[in-house]
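I opened this structure to take notes on how its parts meet one another. The entries below follow the order in which I looked things up.

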Amino acid sequence: MNFGGLLSITCKEVRHNICLWLIERFDVGLRKIQLSSTHHLEVTPNVVNEIFGLPMHGRILQVSSNPSEHPFGRIRDCEDRLRVLPIGEEFRRAFIWYACATILAPTSRVDGCRNLWHTLHGDEFRNDINWAQFVVDELVSGIRHFQQSQIAWVHGSLVFLQLFYVVKVRISSVQVPVTMPSIVAWTDDLLKIRLQQELRDSGSFGHGEVFEDVPNTPSDVESEDSGITTTV
């Protein structure tokens, strides 16, 4: 299923202060977060793969509005069903939808996205999806709508957005193990401590060492390091 990084997730709470700070600096056209005049973070499928462990190759998911034969269930109903379903195709599709509805691409609907449910339960569905790209596309679309309409709810994975920041902008006073996927190392309490400490140390977000990915090119010198650090 390639959703293994989500099975042991213990960081689900959304911290609105950092999310709003990042959304204000989010360039939806270039798909990057401008931390300062000289530093930015690019939001790419590679980073989603790093944080969530989701596949970043495959088809782009086309969400259909056609109904399937499977009755639509709300998020809570789906959660109850997952506790009793045997491991198999029905469990797999229900889990993917539940993960999207709660972590990867939540919406303002308390019962989740009906069209996505029917897409995943359609006879033609095959799980060869680029789920990392799906997370990026849904987040960018949600932030664009929020910036243009100033609605109360941001569609998309704010859990990813806040983890993206703390994984890529590090402070020396809070040390977090580097894991793959990154989400395994984080809990709600640890995220809260990390954000509070940055505010205590610097008075605002956007301070610390920025861990920037180095693109792989033929001229790259082989090294164990996978990135470079700069100070914001």
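**Helix contacts, sheet and pocket**

I began with two helices of this predicted model, and found that α2 packs against helix α6, residues 131–149, with the axes 8 Å apart and at an angle of about 110°. Since angles of 65 to 115 degrees count as roughly perpendicular, that angle makes α2 roughly perpendicular to α6.

I then looked up which residues make this contact, and noted P45, V48 and N49 on the α2 side, meeting A132, Q133, V135 and V136 on the α6 side. Sorted by class, the residues of this contact are 5 nonpolar and 2 polar, with no charged ones.

Next I turned to the pair formed by α2, which covers residues 45–52, and α7, and saw that their axes come within 10 Å and cross at roughly 90°. That crossing makes α2 roughly perpendicular to α7 as well. From α2 the contact takes in V47, V48, E50, I51 and F52, while α7 brings V159, F160, L163, F164, V167 and K168. By class I recorded 9 nonpolar and 2 charged residues for the contact of α2 with α7, and no polar ones. I also marked V48, since V48 is listed in the contact with α6 and again in the contact with α7.

I moved on to the strands, where I found an open sheet of 3 strands in the order β1-β2-β3, with antiparallel pairing. β1, residues 26–27, and β3, residues 40–42, stand at the edges with a single partner strand each, so one side of each is left without a neighbour in the sheet. How many bridges join β1 to β2? I counted 2 bridges between β1 and β2, the latter spanning residues 32–34, and the two strands run antiparallel. Within this part of the sheet, D27 stands opposite K32 in β2.

My last entry concerns the second largest pocket, which holds about 700 Å³ of space. Its lining has 30 residues, and those nearest the centre of the pocket are V14, A101, T102, I103 and P106. The elements that give two or more residues to this lining are α1 (16–24), α3 (75–84), α4 (89–104) and α7 (158–168). Which of the elements gives the most to the lining? I found that α4 does, with 6 residues. By class, the lining of the second largest pocket divides into 21 nonpolar, 6 polar and 3 charged residues. I closed by noting that α7 appears both among the elements of this lining and in the contact with α2.

Terms used: Residues are numbered from 1 along each chain as its sequence is written. This is a predicted model: local features need pLDDT of at least 70, side-chain atom pairs count only at pLDDT 80 or more; totals for chains, interfaces and linings use all residues. Side-chain values use heavy atoms; hydrogens and water are left out. On a 1 Å grid over the protein atoms alone, a cavity is a set of points where a 1.4 Å probe fits but cannot get out, and a pocket is an open set with protein on both sides within 12 Å along at least five of seven lines; lining residues have an atom within 4 Å of a point. Grid points are joined across faces, edges and corners, and a volume is the space filled by probe spheres set on the points. Helices (H or I, at least four residues) and strands (E, at least two) are DSSP runs, numbered from the N terminus. Ala, Val, Leu, Ile, Met, Phe, Trp, Tyr, Cys and Pro count as nonpolar, Asp, Glu, Lys and Arg as charged, and the others, Gly among them, as polar. Axes are lines fitted to C-alpha atoms, for helices over the stretch in contact, and angles run from 0 to 180 degrees between N-to-C directions. Angles under 35 degrees count as roughly parallel, over 145 as roughly antiparallel, 65 to 115 as roughly perpendicular and the rest as oblique. Contact means heavy atoms within 4.5 Å. Two strands pair if DSSP finds at least two bridges between them.
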